[in-house]
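Trainee: Could you walk me through reading helix packing in a model like this one? I'd like the general idea and then the actual case.

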Amino acid sequence: MALNVEPLRKVLELEREKGYADTAVIGGLDKFLRRWAGQALESITAPPIMAHIRRLRLDDPKYASLNQQQRQKWIADIFAFLDSTESTKEEKAVEKPPPRKSVTPPRKRVVAAPEATGQSLDFPITSLNGVSTAMAAKFGHLGVKTIRDLLYFFPHRHLDYSRSIFISELTEGEEQTITANVWQSQVTMLGGRRGTEAIVGDETGNVRAVWFNNPYIARSLPTNARVVLSGRVRLFGGRHVFESPEWELMEDRELVHTGRLVPLYSLTRGLKPRQVRKLMKQVVDRWAGQVEDFLPLNLRERCRLVELPSAIAQAHYPEDEAAKDDARTRLAFDELFLLQLGVLGRRRKWQESQPGTPVSLDKPVLDTFLKSLPFELTAAQQKVLKELLSDLEKPRAMSRLLQGEVGSGKTVVATAALLAAAASGYQGAFMAPTEILAEQHFATVGELLSRTAGEVSEEDNLRRFSGLLPRPLTIALLIGDLKQASKKAIQQRIRDGDIDIIIGTHAIIQKEVGFNKLGLAVVDEQHRFGVAQRSALRQKGFNPHVLVMTATPIPRTLALTLYGDLDLSVIDELPPGRQSIKTRWLKQAQRASAYAFLRRQVAEGRQAFIICPLVEESETIQARAAVAEYERLSRDVFPDLKLGLIHGRLSAAEKDAVMHKFRSGELDILVSTPVVEVGIDVPNATVMLVESADRFGLSQLHQFRGRVGRGSQQSYCMLLAENPSEIGRARLDLIEKIQDGFELAEEDLKLRGPGKFFGTRQSGLPDLRMAKLSDVKLLELARTEAIRLFEQDPGLKQAEHKLLSAELARVWQAGGEWS
């Protein structure tokens, strides 16, 4: 607020004209000066001016006790102060403070680079004054090891203590700030332990403040000191009491703990909030200016981004909400921009560091295959297949992400692409995240090919087809559960080039597996694989085309970030005849009717899934465990039906045995943990019953729902939730109403944010400290700018991009591969 000195100047001029007789105002000059100074001290924003007012004792004048000569000198000193204040235009006053006003927000400052000390931003934090080895170890648990790490150790939120009120305006329960004089401070017993009690006051009244188990604070609050208190007020005995507020003495320096937007940092055992805030303030003031801004000036101006040193400083100790938002925007842009540059660079390296494998398309073979299918490809499938085949013909290796709902027909499209590679003399690899899914793909691909070609031979893990190519077409299943002899035989045939399409799990990328001529790699359910596995698969061939598939609907913006190095294709259309799955959220009281409905479906010859979230009972999460639920259902609910159990702790052979029984109809009900989320295809299953449904995300629930409805019969999804939270209820309401996976994914992203979107942290996904992937505009801006820069200077060789190149290398080296 501005400090208007005119009323004070006029009164003092009148006092001078009256011969310093203390007759300028009724009641004497002391009363007027105290009132004016009290209002001024609570409204000005420059600590030096506050300090000058106190040095002149304007807030506690003794004018009436001075002789005439002393009065004349004192008033002359005040005039000199007023002249200097007006000439610099630092602050102007208000005649009356508003109900809420600034206490002493931080000075407007330009962060300047510190003088050279021989220290570097990459020095360990133990090189800082006051940081012991023990403290450094605690910061190490938070991922903070260097001075640079500290600068980027941003608070997770700020408390708004920037607006001050008078004591008479205090209300119960809200975060509030007052500036007051300490009248009394003493050690006292509070709740049976020693603590501090203080009485503080301003011109509108007094208030009590207590700090439990903190007797040392009493020594830090001397009588008559000016103090700022920020915190919550409670009513005790009908009077307001501050309970353990943040406190800070008013001195000639910026406030750190009160009277401003106060940062809250994530802490670990042994680190205290005040201790960390004090250290961070010193580090930011001393070191933020040494951070070099790596963004080119023209880009920064075009995107209206603040300078990096200022953004770092304001992210920790912002002057106001607007400055905090500007800082977050700049720092979030940096994260997304560097992420996009990195993935674009990796794609360029993959595609240009070595030539790709152009596939010569054998159109008659593809036409024969497509015509043999018992259905027409949807328009979406045709569009995606055209994109894939176009990529395969190019000398640059394909990097493409294919998204499609469960049942949208991704496998058919992938099979056509693999067939195109085989017809051109190349091998194809099809990698799935689980052995169950790999076996299903092996069966599906074999069935699709058998419609076109005659089968020559079939072994446990090997099938050969004739009539489609000039030579027999061979597909093989390679999974970890194979006997060693079978595994070695298949590996040898892959090396010899005898096998055209290899379908498997992680076993495909093991060192023992060498390809003869790998041309295309298809990776299903990409989010189950990290970057390392995908890279390892690429290195198996010269530089194969890579197609990544996922049935997890991912909002486009998130897909561009997670898989920014991939082109995006979407099958957004289900085959004709697919029915919507009737979905209902049921409460505990409706459990019996749910079981009765399931029993009726089984009586009609259908099958059902029952999903439970945990393998064993947990006291902390009252979710029904699959093991206990299987035993209860078999004994008490469905004793006359055949139940099976599958969970992650079974061996692959045990899982396969249970799944085989369920697929073949030997089991009526399959009780399972979320292992069935991906890929399992049982057309006869029409009921999906999910226990503790509120404990799953929308994406998972949609995946479960997609396990039924694979046949011609109407299917149903029942979601049991005993006492869902507000957000759990919101999820259940949404999945009842929405069938479209992409629409659900957008809603899921809004509900939970990107960090929890997949349920577990993605392998290779960066820790985004400031960026929110739900901020679509900023994400798209970062991607647009990254593409523009990449087109202009892909190697970042130009002089103006030198700092950016160094920062990109530093971030990617520190964070590994991010997408």
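**Reading the helix contacts**

Mentor: Sure, and keep in mind that this is a predicted model. Let's start with who touches whom: from H21, the residues Leu 698, Leu 701, His 702 and Arg 705 are in contact with Arg 731, Leu 732, Leu 734 and Ile 735 of H22. Sorted by class, that contact of H21 with H22 comes to five nonpolar, one polar and two charged residues.

Trainee: How do I describe the geometry of a pair like that?

Mentor: Two packed helices are described by the angle between their axes and the distance between the axes. Here, H21 covers residues 698–705 and H22 covers residues 726–737; they pack at about 40 degrees, with axes 10 Å apart. H21 and H22 are therefore oblique to each other.

Trainee: And what is the handedness of the crossing of H21 and H22?

Mentor: That crossing is right-handed.

Trainee: Can we try another pair? At what angle do H13 and H14 pack?

Mentor: Helix H13 (residues 410–423) packs on helix H14 (residues 435–450) at about 65 degrees, and their axes are 10 Å apart. Roughly perpendicular begins at 65 degrees, so H13 is roughly perpendicular to H14. H13 crosses H14 in a right-handed sense.

Trainee: Which residues make the contact between H13 and H14?

Mentor: H13 brings Thr 411, Val 412, Thr 415 and Leu 419, while H14 brings His 441, Thr 444, Val 445, Leu 448 and Leu 449. By class, the contact of H13 with H14 has five nonpolar residues, four polar ones and no charged ones.

Trainee: Let's zoom in on a single residue. Where is Arg 269 found?

Mentor: Arg 269 sits in the loop between strand S10 (261–264) and helix H7 (273–287).

Trainee: Is Arg 269 buried or exposed?

Mentor: Look at the relative accessibility: for exposed, the cut-off is over 50%. Arg 269 has 79%, so it counts as exposed. Check its spatial partners too: Arg 269 and Lys 138 are 131 residues apart in sequence, yet their C-alpha atoms are 7.4 Å apart in space.

Trainee: Now the whole chain, please. How many helices and strands does the protein chain have?

Mentor: The protein chain has 25 helices and 25 strands. Of its 819 residues, 54% count as buried. Take contacts between residues at least 6 apart in sequence: 72% of them join residues at least 24 apart. As for surface, the chain exposes about 36,500 Å², and carbon and sulfur atoms supply 49% of that.

Note on methods: Residues are numbered from 1 along each chain as its sequence is written. This is a predicted model: local features need pLDDT of at least 70, side-chain atom pairs count only at pLDDT 80 or more; totals for chains, interfaces and linings use all residues. Side-chain values use heavy atoms; hydrogens and water are left out. Axes are lines fitted to C-alpha atoms, for helices over the stretch in contact, and angles run from 0 to 180 degrees between N-to-C directions. Helices (H or I, at least four residues) and strands (E, at least two) are DSSP runs, numbered from the N terminus. Angles under 35 degrees count as roughly parallel, over 145 as roughly antiparallel, 65 to 115 as roughly perpendicular and the rest as oblique. A crossing is left-handed if the near helix is turned anticlockwise from the far one by less than a right angle, and right-handed if clockwise. Contact means heavy atoms within 4.5 Å. Ala, Val, Leu, Ile, Met, Phe, Trp, Tyr, Cys and Pro count as nonpolar, Asp, Glu, Lys and Arg as charged, and the others, Gly among them, as polar. Buried means under 20% relative accessible area, exposed over 50%, partly exposed in between (1.4 Å probe, protein chains only). Accessible areas come from the Shrake-Rupley method with a 1.4 Å probe; for residues, only the protein chains shown count as cover.
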